[in-house]
Amino acid sequence: MTTMTRILTVDDSPSMRALLNHALSNQGFDVAQAEDGLAALDWLALNEVDVVITDINMPRLDGFGLIERLREGSRHRDRPILVLTTESSEEKKARARAAGATGWIVKPFDPAKLVAAVRRVAH
Amino acid sequence: MFEHRIVPDGVPAPERITVMQGQALVSAAPQAELSTVLGSCVALCLFDPEARLGGMNHFLLAEPPVGVSGDTVDEFYGTYLMELLVNQMLAKGARKSRLRAHLYGGANVNRNMMRIGSANADFARRFVHREGIELVRSDLGGSNARRVDFRPASGQVRCRTVEDRFAPPVQPTSRPAKATGDVELF
């Protein structure tokens with residue numbers, strides 16, 4: 001029996017979460033959603049996940065903070081974390097990489113490329 | 001560049017800034033006035049009354065790319081364009097929960113583009129509703145071009161019907177070639 005790959009999408013925009021949910025669910029992924037970094041941490045404290053996809057600019061706890069918090073402990077040290085953002089600066093990309101992100105995807109995303117990236121990093 | 005004029009009573013005249021198709025501009029300057037002329041295009045004006053800050057975009061979305069079904073416009077690109085405006089507002093001190101929205105445009109001025117104008121208006125309404133942003137005024141659809149003047153620091157908006165010749169014919173904005181959602185794995 002195969003288990004579905006479970007993805008947590010973290011974005012403060014309900015419209016973006018809906019697009020992600022549609023694109024990923026259509027390809028057979030089990031998708032959960034959180035509206036910012038703190039909501040993601042709350043959800044991850046109680047649930048298991050295979051891949052995290054997070055925005056950068058969010059209230060309360062942004063994507064950088066989320067990645068740093070996840071990498072602090074042992075439970076999510078190797079968890080694939082993809083950043084999906086409108087940011088295009090090399091400085092912010094380098095910051096995400098230093099914080100422990102697995103990959104960097106620039107919006108507007110291409111559903112096929114996103115799915116291919118998720119399949120590649122999921123393990 | 002902006003034009004600085006002083007009217008006779010000593011009050012500085014507005015600094016009119018034209019928002020072109022595909023642009024999103026945000027300002028807190030008291031004299032700034034964001035202006036645009038809309039035919040089938042749609043403009044979203046956002047205002048944060050506490051931060052005294054506003055912004056406007058101007059867009060006409062194309063049909064979705066091949067392989068993306070179920071939508072009448074390219075919602076992936078449209079949501080991205082809207083997010084750019086919202087992010088600019090937040091970066092300058094606005095709070096999303098305080099944002100108030102105005103929507104204008106989406107007229108069916110050109111028979112050949114009737115469907116795309118209405119589809120853009122529908123997309124904009126859906127976006128504002130989904131984001132939980134209060135829509136305080138909308139003037140969408142119909143068959144006439146509109147001129148919108150928005151004072152971003154006060155939230156005042158004036159929307160007037162204008163002759164169609166003032167709204168230059170435009171083509172829907174397809175996502176730029178570089179905006180292909182490229183993935184870089186570290």
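**Notebook: strands of chain B**

I began with an open sheet in chain B, where four strands follow the order β1-β3-β8-β9 with mixed pairing. For strands I used DSSP runs (E, at least two residues), numbered from the N terminus, and two strands count as paired if DSSP finds at least two bridges between them. β1 (15-18) and β9 (156-162) of chain B are at the edges with a single partner strand each, so one side of each has no neighbour in the sheet. From one strand to the next, the twist averages 20°, with axes being lines fitted to C-alpha atoms and angles running from 0 to 180 degrees between N-to-C directions.

A note to self on the source: this is a predicted model, where local features need pLDDT of at least 70, side-chain atom pairs count only at pLDDT 80 or more, and totals for chains, interfaces and linings use all residues. Residues are numbered from 1 along each chain as its sequence is written, while chains are lettered from A and ligands numbered from 1 in the order written.

Next I looked at β3 (residues 32-38) and β8 (residues 145-151) of chain B, which run antiparallel and are joined by five bridges. B:Leu38 has B:Arg146 in β8(B) as its bridge partner.

Then I turned to β6 (residues 100-105) of chain B. Is this strand mostly covered or mostly open? Mostly covered: five of its six residues are buried (20 or more other C-beta atoms within 10 Å of a residue's own, with C-beta atoms placed from the backbone). β4(B) (residues 42-48) runs antiparallel to β6(B) over six bridges, and B:Ala43 sits opposite B:Tyr104. With β7(B) (residues 134-140), β6(B) pairs in the parallel sense, again over six bridges; there B:Ala101 is matched with B:Leu135.

Note on methods:
Buried ≥ 20, exposed ≤ 12 C-beta atoms within 10 Å, placed from the backbone.
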